[in-house]
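Work through these short exercises with the model in view. Each task is followed by a solution in steps.

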Amino acid sequence: MDYSKEIAITILETSDLHGHILPLQYVDNSYSEVGLAKIATLIHQERRACANVLLVDNGDLIQGSPLAYHHAKIDNSPLNPMVMCLNELEYDAAVLGNHEFNYAKAVLDKAIQESEFPWLSANVVRKSTKNPYYGKPYLVKELQDGVKVGLLGLTTSYIPNWEHPSNIVDFDFLDVIESAQMGVRHLREVEGVDAVVVAYHGGFECDLESGQPSETLTGENLAYRLCHEVEGIDVLLTGHQHRLIAGEVNGITVIQPGQQGAYLGKATIRLAFWEGCWHVIDKKAELISVKDVTPDIDIIDLVRTHETKTQDWLDTPIGQTIGDMSISNPMEARTRDNAIIEFINKVQMYYGGVSISNTALFDNQARGFKPIITVRDVVSNYIYPNTLKVIRVTGQDIKDALEQSARYFAEYDGNGYNVSDEFSVPKPQHYNYDMWEGIDYQINISLPIGSRVTKLYYEGRPIDVQVTFDVAMNNYRAGGGGNYSMFQGKQVVRELPTDISELLTTYILEKRTIEATVNANWEVIHD
């Protein structure tokens, strides 16, 4: 067909940056192919190549790195460094992610007030009015030749299952699908846009090709349903799962650009004009790696003061160790009791006033403590802003939780310990495998799923499944996060609003010297 006019539009997406600006890993400041400074170079290149660009951040922006933590909790008077960078790069909009709420409403409000772009989410509303909490849930951008693109923001509605209630006291999280249907219809029929982009801080709950569920269908991720139940979407930007996705589902172009700025998501839409209106005639999606990309010097300079203060804070000595508290092999640390996990659990028990605790080794970058402990060691090993809760559970709940953790391991095949697909696909979920202190237990991965706990004792006797126990754990797990439904709705015995990383730091500062202990109360075995 011979079109009278054509136009190309580029949609650029970042998602799950988690406070990473510079190309480094804070655990040891080693160079890493990540960060918004590298993304910035790609953004400039794309803008030079196309006059019509829509630039969106899809959530989990202001939490996740020591830089972000230092700003939120230690020195939050200057402008938020992540927001400064997005302002400099002239982002069109950002979407609320679940981790935006981690530092409480005041920190989120500050970031939004400092933003020169709108924060969108149609389903994050004020409880009293049910209106979008931070203004319009969508953006309409007019481009060349009067072409209008509508951008609708959505956020996973599963947040109340994880977040500390005090952080979301004024918020309500409406149904994602219904909010999308209403929002897209409004953009098409009232705003009269020519193309619709939906930016959803959530991921895919089903395999993109087969449609078969790829996880427990809790409602946390609904992107597959969005593609099949909401008419009028041209491009769906996703996130939350930290996956690498560039493709098409049910005629909708879909993207998910990983995490920490390792990739820039890009969708290209071509429109043509005929019969008095614009029509989308072609779409494609791709992911652009930042590997070997030179970081943008202006972005580096912009956050230099923030970064210097963060590095000084990270290198502050707070104590010392006696004995080995390091981790050289993460899998080994998950198969037999070790000093760093025992230490974290003991601190949780100390502040929780209980004799049982659980915690996780959150990722494979954790290295434990060096002989001289610094703040860097603490925040590199305890990377989330979780708070401490003590909940009352039954012996049966403990056994069920251990069986859930035992699912972390693939069935033994004679080749050592391996992570199951359930905990590694579509993204690694090391943070959902717990290790316990205060009980004695054994897990045998040669046995069938659901029957792997072969020993479970408390104070030298088998645990009575009907007896109740008070257990310390982080607020994410206490709310049932990570498919630990046995903990949902349990009586909260004690609650500390302080981040667990701060509790660890305070404990070390008080004791000054920490002795590495391993009481070998648990192990994972195979036949």
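**Exercise 1.** Find the network that links E46, K266 and E286.

Solution. E46, K266 and E286 are joined by salt bridges. A salt bridge is a side-chain nitrogen of Lys or Arg within 4 Å of a carboxyl oxygen of Asp or Glu. The structure holds 23 salt bridges.

This is a predicted model: local features need pLDDT of at least 70, side-chain atom pairs count only at pLDDT 80 or more, and totals for chains, interfaces and linings use all residues. Residues are numbered from 1 along each chain as its sequence is written, and side-chain values use heavy atoms, with hydrogens and water left out.

**Exercise 2.** Examine the salt bridge between K105 and D109, and state whether each residue is buried or partly exposed.

Solution. The N to O distance is 2.6 Å. K105 and D109 are four residues apart in helix α4 (residues 105-114), so about one helical turn separates them. Helices are DSSP runs of H or I, at least four residues, numbered from the N terminus. D109 counts as buried, at 16% relative accessibility. K105 is partly exposed, at 24%. Buried means under 20% relative accessible area, exposed over 50%, partly exposed in between (1.4 Å probe, protein chains only).

**Exercise 3.** Which parts of the chain does the pair E502 and K73 link?

Solution. The two side chains form a salt bridge, 3.8 Å from N to O. E502 is in helix α14 and K73 in helix α2 (residues 66-74), distant parts of the chain 429 residues apart. E502 is partly exposed, at 29% relative accessibility. K73 is also partly exposed, at 35%.

Methods
Helix = DSSP H or I, 4+ residues; strand = E, 2+ residues; numbered from the N terminus.
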